[in-house]
Structure formats: C-alpha cells, structure tokens
Amino acid sequence: MTTTNCLNCGNSFSGHEIYCSACGQKAAVHRLTLSHMLHDAIHFVTHADKGIFYLVKMLALDPGRVAREYVHGRRKKFFSPLNFFLISVGLFVFVTATFKPMGTGNDLSAVKANVMKEPDVVKRQRQLLKLERSEKATAFVAKYSNIIRFIATPLFALLYFLFLRRSGYNFTEFLVAALYFSGFTALIFIFIITPFLLALSGWANFAGVMAYMVIETIYWSLGMNYFLIDRRKPKYGWILLLSIGITTFWFITSGFLMMTYINTGFGL
C-alpha cells in the first residue's frame, strides 16, 4: 500500500521515497499477515545489523572486541547489547523454569521423612520450616533468574568501572561490555552446562554449578582484558584476580541472603 504521507509520523512524500526521511519507516506499507510477522521475526534475529548468530560467534572467538568496537562507534556492525542481553536472559529463564537444571524440582520427600523422625516437636517444626523456605528460595531463583541477572550485570559493570576507571571508559561503556558478557555466559549455561546438570544430582549437581562459575569468571576476565586492550590497563593477572573477587563477592552475598532467609525468614 503506497501513500502520499508516512502512516507513522505524517511526513509528506515527494513520490520517490523508499523510507520516510523523518522516522525511517518504509513508504510502502503492506497489510499485516501471519507470514509477514514471521518473516519480520526471522529477519530481526538473523539479519538485524549482522545478526545475533554473527554476534555469538564473535563473542566466542574474540571476547571484548565486540564491546570495544561498539563503544568506539561501530554500532551498526553488531547486534544491540541490550537486545542481546534480553534475548539471552529470556532463554535462560525459560530453560531454568522448564528443565530445573539446578535441582529446583528435586523430590524432597526422603528429606521430609527424615525430619519427621525427629522426636522433639519444636526442633521438627523448625526443620520443616527451614525445608519449606529452602524450597521457596530455590523456586524463586529459578522463576526470577531474569531479575537476578538484571541486578548482577550492572553491579558487575559498576565494580569493574570502579577498579578499572583509569582506562578512561565510563560506567555506561563498561555496562555495554557487561551486557554482552552476561548474555553470552547465559547461553553457555543454557547450551553447555544445562545438559550436564540434568544428568547430575546432589553434590555432583552443585559441583557442576561451581564449574560454570569458574568458566563464567574466566570468560569475564578474558573479555575485560580484550575490551581494554587499546587502553591504559593493568596486566591480565590483575584483571583475573579482580574477576575472581567480583564473582566471589556476588556468590557470598547472594548465598548469605539465601541462607539468612532459610534460617530466619527475614523475620516475616
């Protein structure tokens, strides 16, 4: 359907425009059909900028370069960091909620049976209450893992910025790198770690989660190193130690909050 005015903003056409000079919408607008919507969705994922698959390839082969070039102005070349992060986190939430790779769907009937053997009524009630809170906590982590990543990612960016601010990058530029790195490590968890976790249980499952944290820490340290490669930066050993410290801080803080809730319920 061809019009003399842009249907989006009302800008007048001279008759030869392909796109509106004011807002960028196509001059010829077709009627919506299911096939057009499907085509737009596929085009968004595979052809927007250079496509999300090209971005994932680059993040795997050259951590930091994507963020560095995006910050330096080559923004048409790569998929948007925020869009990539949102897509990755969306997949992360779907996988953790559906398959429960970190044991959120474990059968606790055996544990409850042992608790019920406790002869002291008061102790038994306390243990049952802790068990109930533990179930709620693990369910919360699975259900709201998107919120957790939304909190963790800018926090990581802030900590890197505070310790590496001599590089000349501002907080937002570190946030761009963090969005790319967090999105990519979410994909590592989905496609590499999850299949192993589903086959493990108990302490083996916990060890798998710890292994993922090690992989994530190493990836972030490499990514930050390459992100700062053309800047005044400390040696890689310092960046690795910083990454370990940030990951440890997050692990201890989040673990402390979870254990406090399990043991006390925050007084609620």
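1. Let me start with the term that the next point leans on: a residue is called buried when its relative accessible area is under 20%. Please keep in mind throughout that this is a predicted model.

2. With that in hand, have a look at Ser221. Its relative accessible area is 0%, so Ser221 counts as buried. Ser221 sits in helix α9, which runs over residues 202-227. Leaving aside residues up to four places away in sequence, Ser221 is in contact with Tyr236, Ile239, Leu240 and Ser243.

3. Helix α7 deserves a paragraph of its own. Helix α7 is made of 20 residues, and the distance from its first C-alpha to its last is 28 Å, close to the 28 Å expected at 1.5 Å a residue. Its buried residues are Ser145, Arg149, Ala152, Thr153, Phe156, Ala157, Leu159, Tyr160 and Leu164. How are these buried residues arranged when seen down the axis of α7? They fall within an arc of 165°, so they line one face of the helix. As for partners, the buried residues of α7 pack against α4 (81-99), α6 (121-143), α8, α9 and α10.

4. Now to the aromatic side chains. Searching the whole structure gives 20 aromatic pairs. One of them joins Phe156 and Trp250: the ring centres are 6.3 Å apart and the planes meet at 80°, so the pair is edge-to-face. This pair links distant parts of the chain, with Phe156 in helix α7 (residues 145-164) and Trp250 in helix α10 (residues 236-264), 94 residues apart. Phe156 is buried at a relative accessible area of 9%, whereas Trp250, at 22%, is partly exposed.

5. A second pair to look at is Tyr169 with Phe227, which is stacked, with 4.4 Å from centre to centre and 15° between the planes. Here too the pair links distant parts of the chain: Tyr169 belongs to the loop between α7 and α8 (171-198), Phe227 to helix α9, and the two are 58 residues apart. Both partners are buried: Tyr169 has a relative accessible area of 1%, and Phe227 has 0%.

6. Which residues form one aromatic cluster together with Phe156 and Trp250? They are Tyr160, Phe181, Phe184, Tyr219 and Trp220. Phe156 and Tyr160 are also among the buried residues of α7.

7. Two arginines are worth a click as well. Arg149 lies over the face of Phe92, at 4.8 Å from the ring centre. Arg149 also appears in the list of buried residues of α7. Arg75, in turn, lies over the face of Tyr70, and there the distance to the ring centre is 5.7 Å.

8. Finally, the cysteines. A disulfide calls for two cysteine sulfur atoms within 2.5 Å, and by this rule the count is 0 disulfides. Cys6 is in no disulfide, and the cysteine sulfur nearest to its own, that of Cys23, is 3.6 Å away. Seen from the other side, Cys23 is likewise in no disulfide, with the sulfur of Cys6 as its nearest, 3.6 Å away. How do Cys6 and Cys23 stand in accessibility: buried or partly exposed? Cys6 is buried, with a relative accessible area of 5%, while Cys23 counts as partly exposed at 35%.

Note on methods: Residues numbered from 1 in each chain as written. Predicted model: local features only at pLDDT ≥ 70, side-chain atom pairs only at ≥ 80, totals over all residues. Heavy atoms only, no water. Buried < 20%, exposed > 50% of the residue type's maximum accessible area, 1.4 Å probe, protein only. Helix = DSSP H or I, 4+ residues; strand = E, 2+ residues; numbered from the N terminus. Contact = heavy atoms within 4.5 Å. Phe/Tyr/Trp six-rings, centres within 6.5 Å; stacked < 30°, edge-to-face > 60°. Lys NZ or Arg CZ within 6 Å of the ring centre and 35° of its normal. Expected span 1.5 Å × (residues − 1). Arc of directions from axis to C-beta.
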